[in-house]
Amino acid sequence: MGSDNAPTVTLAEGRPVQDPSAAVILKSKKPRGGGLALLQDTQLLETLAHFPRERIPERVVHAKAAGAWGEFECTKDVSDFTSVDFLKEVGKKTKVLARISTVAGERGSADTLRDIRGFALKMYTEEGNWDFVGNDLPVFFIRDPTKFPSLNRSHKRHPQTAVPDANNFWDFHNNNQEGVHSLMQLFGGRGVPASLRHVNGYGNHTYKFGKPEDGSFKYVKIVFKPAGGVKNLSPEDAVRLAGEEPDYHVKDLYNAIEKGDYPTWVMYFQIMDPKEAETYRWDIFDITKVWPHKEHPLREIGRLTLNRNVNNHFEDLEQAAFSPSNMVPGIAPSADTMLHARMFSYPDAARYRVGPNYQQLPANAGLHVYSPYQRDGPMSHNGNYGGDPDYVRSSFRSLKLGRGDIEHAEWEGQTQWYSSEVTDEDFEQPRALWNMFKRNGEDKAFAKNLAGHLGKANPEVRQAAIAMFAKVDKEVGEAIEAALKEVDGKPGGAGIEHEKK
């Protein structure tokens, strides 16, 4: 059946199998055949029992993705403000795993739906894994961490009808208007990328990059820009491809890499001195805001290249776990409570979805790991540190200690319940974006894109959304209202009516 060097088929414990398609049965003597399966048939039982367990729980968000292996190369000297290992010298290369995803849709959803794209990287540095976990838009919908589950529920399926619901979507945003900037980005021209090879990757949060040697740091925002530029689909092409080729983006990325047309991005930092942050006109930790490039220009740092497709999607991408908590010496979190919440939530999701030892899997394993205080648990397979002491400060095992951390902030205050308030300030950057839309001739397309979604909502929800956008500029509300009239004149597209209780 096979060559001499072909592997022998076995059961899960290694017992060789004579015929993987056969089952042990009690054969009937009747001419037409039939029989009874036996409990002694380990092969049949293992095959059937494993099958319904092949799928680990789907990610609640970012379920569908494409990805690949690649490398990051430091291209500029950054020794003036940080001593991060993978940036310590020009030309240094670091292995990378990338995963680019839709957010709201399930694994079987269409690639070309209007949605934010997640942009996640795992860099396997000499001092641990650094995870860049961002999106393709520069701002986010919320800044209060307790709202995070509610935001995602409102963008997904209605609990009664099990279909995406425009009323829920817009009702959430009408009552949490700090997200208006992100909504304008989403319904602008970049809401549907033409290819995952042509999207930006924003870290969204503010991070500290510095030198553990002296504790100094700068505040940093991170962005990856595609070398081939940002490219987007028209709404008409997006809808057509959603029906004709729902895996369009996944195939596009895979085929490009197979052909040797390797996608590349340039990594940039925006840098701010901590003293400036104290008096800056916006809260620099608010992820609904950007730092204008005129004030904080992009500084080139390095280049990302994706050059090898994964060998197995499940092994390399489905089991991969990314978290902004995975930092390395020289990088630290800022005072962004959304970042702090994600630093808990993402690893916790991985422990539930993949298992408590998910860091041992090849896609997640660091280059040099010795962590004897985290051991045992289901599916441990790294030797479990043998007989090494499992408690700190043992005199029986000598250990080397790592580098220190960058400066820790000093805090003085009192604990309190807090939820941010929406103020006029939240509409300033969206207003600037609207003016840019008008200069570039994108204003009508934005209104049409948004009205196509909002038009599925109930009249009172529509009016509340129009009122919200009118706070950005009276023209925005008027443009959306005019576009809604066109939507209302077209057949189909209505949402599900709910009985009012």
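This briefing walks through selected strands, helices, aromatic rings and single residues of one structure. The model is predicted. Strand β8 is largely enclosed by the rest of the structure, because four of its five residues are buried. Helices α12 and α13 each have buried residues gathered on one side. A search of the whole structure finds 24 aromatic pairs.

**Strand β8 and its partners**

- Strand β8 covers residues 207-211.
- One partner of β8 is strand β9, residues 216-226. The two pair in the antiparallel sense over five bridges.
- Within this pairing, Lys211 stands opposite Ser216 of β9.
- β8 and β9 form a hairpin with four residues between the strands. In this hairpin, Gly215 takes a positive phi near 80°.
- Another partner of β8 is strand β12, residues 331-333. Here too the sense is antiparallel, with three bridges.
- Tyr207 stands opposite Pro333 in β12.

**Helix α12**

- How far apart are the end C-alpha atoms of α12? They are 21 Å apart. The 14 residues should span 20 Å at 1.5 Å a residue, so the model agrees with expectation.
- Val461, Arg462, Ala465, Ile466, Met468, Phe469 and Val472 are the buried residues of α12.
- Seen down the helix axis, these residues fall within an arc of 160°, so they line one face of α12.
- Several helices help cover them, including α3 (166-174), α4 (180-186), α10, α11 and α13.

**Helix α13**

- Helix α13 runs over residues 474-488. Its 15 residues should span 21 Å, and its end C-alpha atoms are 21 Å apart, which agrees.
- Which residues of α13 are buried? They are Val476, Gly477, Ile480, Ala483 and Leu484.
- These residues cover an arc of only 130° around the axis, which puts them on the same side of α13.
- Lys474, Lys485 and Glu486 are exposed on the other side of α13.
- The cover over the buried residues of α13 includes α10 (428-440), α11 (443-454) and α12 (459-472).
- Asp473 caps the N-terminal end of α13. One of its side-chain oxygens lies 2.8 Å from the backbone nitrogen of Glu475.

**Aromatic rings**

- A pair of aromatic rings is described by two values: the distance of the centres and the angle of the planes.
- Among the 24 aromatic pairs in the structure is that of Phe119 and Phe224. Their ring centres are 5.8 Å apart and their planes meet at 25°. Planes under 30 degrees apart count as stacked, so this pair is stacked.
- The pair links distant parts of the chain. Phe119 sits in strand β5 (residues 117-125) and Phe224 in β9, 105 residues apart.
- Both Phe119 and Phe224 are buried.
- Phe119 and Phe224 also belong to one aromatic cluster. Its other members are Phe72, Phe81, Phe86, Trp130, Phe132, Phe209, Trp265 and Phe269.

**Ser83, in a loop**

- Ser83 lies in the loop between β3 (65-74) and β4 (93-102).
- Is Ser83 buried or exposed? Its relative accessible area is 19%. Buried means under 20%, so Ser83 is buried.
- Ser83 touches Gly210, Lys211, Pro212, Glu213 and Arg403, not counting residues up to four places away in sequence.
- Ser83 and Glu213 are 130 residues apart in sequence. Their C-alpha atoms are 8.5 Å apart in space.
- The side chains of Ser83 and Glu213 are joined by a polar contact of 3.0 Å.

**Asp286 and Glu421**

- Asp286 is in the loop between α7 (274-279) and β11 (299-308). It is buried, with a relative accessible area of 6%.
- A polar contact of 3.1 Å joins the side chains of Asp286 and Arg143.
- Glu421 is in the loop between α9 (337-353) and α10. It is exposed, with a relative accessible area of 61%.
- Which residues does Asp286 contact, leaving aside its neighbours within four places in sequence? They are Arg143 and Asp426. With its own neighbours left aside in that way, Glu421 is in contact with Arg143 and Asp426.
- Glu421 and Asn357 are 64 residues apart along the chain. Their C-alpha atoms are separated by 40 Å.

Definitions and conventions
Residues numbered from 1 in each chain as written. Predicted model: local features only at pLDDT ≥ 70, side-chain atom pairs only at ≥ 80, totals over all residues. Heavy atoms only, no water. Buried < 20%, exposed > 50% of the residue type's maximum accessible area, 1.4 Å probe, protein only. Pairing = 2+ DSSP bridges. Expected span 1.5 Å × (residues − 1). Arc of directions from axis to C-beta. Contact = heavy atoms within 4.5 Å. Polar contact = N/O pair within 3.5 Å; in protein donor to acceptor, adjacent residues only side chain to side chain. Phe/Tyr/Trp six-rings, centres within 6.5 Å; stacked < 30°, edge-to-face > 60°.
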